[in-house]
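Visitor: I have a new model on my screen and would like to go through its labels one by one. Could you walk me through the reasoning behind them?

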Amino acid sequence: MYLATTGRPDAPPAPSGVRRRVPGTVLALGAVSLVTDISSEMVTAVLPLYLVLGLGLSPLQFGLLDGLSTGATAFVRLLGGATADRGGRHKQVGGLGYALSACSRLGLLLAGGATGWIATAIAADRLGKGVRTAPRDALITLHSPPEDLGRAFGTHRAMDTTGALLGPLAAFALLWATADAYDAVFAVSFSVGAFGVLLWVLLVPGRTRGDEKAPVVPAEPRARGGFAEPRARGGFLGGLLGGLRSPGYRRIVICAGILGAATIGDAFLFLLLQRRLAFDATWFPFLPLGAAAVYLLLAVPAGRLADRIGRRAPLLYGHGALLLAYGLLLAPLPDPVVLLGVLLLLGVFYAATDGVLMALAGPFLTEGRQASGLAVVQTAQALARLGAAVAFGAVWTASGPEAALVAALLALTVALCCAARLLPTTPSEPSERSD
């Protein structure tokens with residue numbers, strides 16, 4: 001019952017049938033992410049509509065901007081992950097990222113409509129997200145039993161998505177109450193973001209190694225695909241790239257890149273929906289809320305299922321749901337069916353892939369490489385999605401949205417076939433134990 005009350009991976013296994021609690025650190029990290037997402041989504045909810053329909057950007061221009069906003073944090077993720085691993089400074093580095101994002105909201109408030117300052121504030125927010133993501137996910141890995149990683153990441157992502165749901169609603173309520181005073185949105189967003197930083201300081205443990213209250217890092221995997229070697233050495237590059245000597249981890253990084261390269265951004269999907277259904281632009285900002293609601297409902301069940309049957313299958317099935325969403329946009333079906341189907345499938349995609357990918361990679365990382373190892377996976381995915389956004393926008397501009405969507409559907413089909421052959425199972429799964 002020790003694990004049931006503490007959630008520490010060094011605890012003896014709980015008796016069969018005993019329901020284990022989610023570790024307190026995971027809940028604290030989820031609370032911080034919930035509050036921070038309210039702050040960030042208040043600002044970003046109307047961005048695609050504003051840029052394409054308001055400022056008149058072409059699909060190619062929007063693809064460049066959307067891809068760069070996703071990929072710009074790639075190398076910052078690597079830096080944040082490697083720095084966090086050196087001396088176990090996960091809390092300090094993650095806190096810096098949250099603080100930078102909160103201050104970016106203040107920058108928007110003070111920009112006064114100046115394009116350059118607005119761009120700087122948005123860049124600061126992206127940098128903050130890049131810095132904090134790997135240390136935060138490393139803390140989830142460090143404070144959760146290996147066999148419950150899917151559930152831990154699912155719980156965190158569900159809390160994070162709750163914030164993503166509440167943020168746009170709060171922004172539109174403020175705009176309605178203040179007669180479209182965007183400064184009010186920026187001011188409240190900054191205040192909420194600052195509260196998230198305070199929660200990080202007060203609730204998240206300050207050390208992950210070296211004291212008796214910190215969880216012991218999961219044992220080094222002994223099955224094929226894992227690697228068993230001492231803590232990271234060799235400086236910055238050694239810490240980042242050392243894990244690639246593991247065949248299993250290397251295949252996860254490759255598959256993250258392959259699947260990311262066939263994943264078009266949510267904003268493009270929502271623009272395609274708006275174009276296909278021709279609904280009033282006023283309703284456009286509410287599209288992400290439908291997918292986020294499905295994600296919220298399914299994140300924890302998907303994580304628990306991944307722990308039970310293995311994390312490889314949900315990851316593949318989740319991308320299969322995205323493939324079906326592409327197909328629905330091309331299918332001659334009634335508009336309500338397309339709308340509900342795409343939002344449902346997009347939510348399933350995120351529930352089955354976002355946290356599950358991190359849970360799949362976690363057991364392949366040894367002590368001292370948790371943050372940097374996860375950062376490499378995230379960076380491969382982000383850079384691939386950058387290329388996907390630019391390519392999709394280019395094909396749309398040159399040949400139209402239908403041709404771009406067909407190309408994306410074919411690319412994802414090929415990527416799924418490749419990933420099905422390359423993805424390893426985690427060392428704790430039955431197929432690995434039987435070797």
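Visitor: What makes R136 and D137 a salt bridge?

Guide: Happy to start there, and please keep in mind that this is a predicted model. The closest N and O atoms of R136 and D137 are 3.2 Å apart. A salt bridge needs a Lys or Arg side-chain nitrogen within 4 Å of an Asp or Glu carboxyl oxygen, so the pair qualifies.

Visitor: Why is R136 called buried?

Guide: Its relative accessible area is 10%. Buried means under 20%, so R136 belongs in that class. D137 has a relative accessibility of 0%, and therefore counts as buried too.

Visitor: Which salt bridge does D137 form with a distant part of the chain?

Guide: D137 also pairs with R157, with the closest N and O atoms 3.2 Å apart. D137 sits in helix α7 (residues 115-142) and R157 in helix α8 (residues 149-177), with their positions 20 residues apart in sequence. Both D137 and R157 are buried.

Visitor: How do you know that R276 and D335 tie together separate parts of the chain?

Guide: Their side chains meet in a salt bridge at 4.0 Å, N to O. R276 lies in helix α12 (residues 266-277) and D335 in helix α15 (residues 335-361), so the bridge ties together parts that are 59 residues apart in sequence.

Visitor: Are R276 and D335 buried or partly exposed?

Guide: R276 has a relative accessible area of 26%, and D335 has 35%. Partly exposed runs between 20% and 50%, so that is the class for R276 and for D335.

Visitor: What joins R136, D137, R157 and D354 into one network?

Guide: Salt bridges that share partners do so. The structure holds six salt bridges.

Visitor: Which residues have the most contacts inside the largest nonpolar core?

Guide: They are I264, L273, Y326, L329, L346, V377 and F392, in a core of 81 residues. Helix α15 gives the most to this core, with 14 residues. Leaving aside neighbours within four places in sequence, V377 is in contact with residues including Y249, I252, L357 and M358. Apart from this core lies another, of eight residues, among them M42, A45, F172 and V185.

Visitor: Why is L203 called partly exposed?

Guide: Its relative accessibility is 44%, and partly exposed lies between 20% and 50%, so the label fits. L203 is in helix α9 (residues 182-203). Together with F195, L198, V201 and L202, L203 forms a nonpolar surface patch of about 480 Å² of accessible area.

Technical notes
Residues numbered from 1 in each chain as written. Predicted model: local features only at pLDDT ≥ 70, side-chain atom pairs only at ≥ 80, totals over all residues. Heavy atoms only, no water. Patch = residues over 30% accessible without salt bridge, like charges linked within 9 Å, V, L, I, M, F, W, Y side chains within 5 Å. Areas by Shrake-Rupley, 256 points an atom, 1.4 Å probe, with all protein chains shown as cover. Helix = DSSP H or I, 4+ residues; strand = E, 2+ residues; numbered from the N terminus. Buried < 20%, exposed > 50% of the residue type's maximum accessible area, 1.4 Å probe, protein only. Core = buried A, V, L, I, M, F, W, Y, C linked by side-chain atoms within 4.5 Å. Contact = heavy atoms within 4.5 Å.
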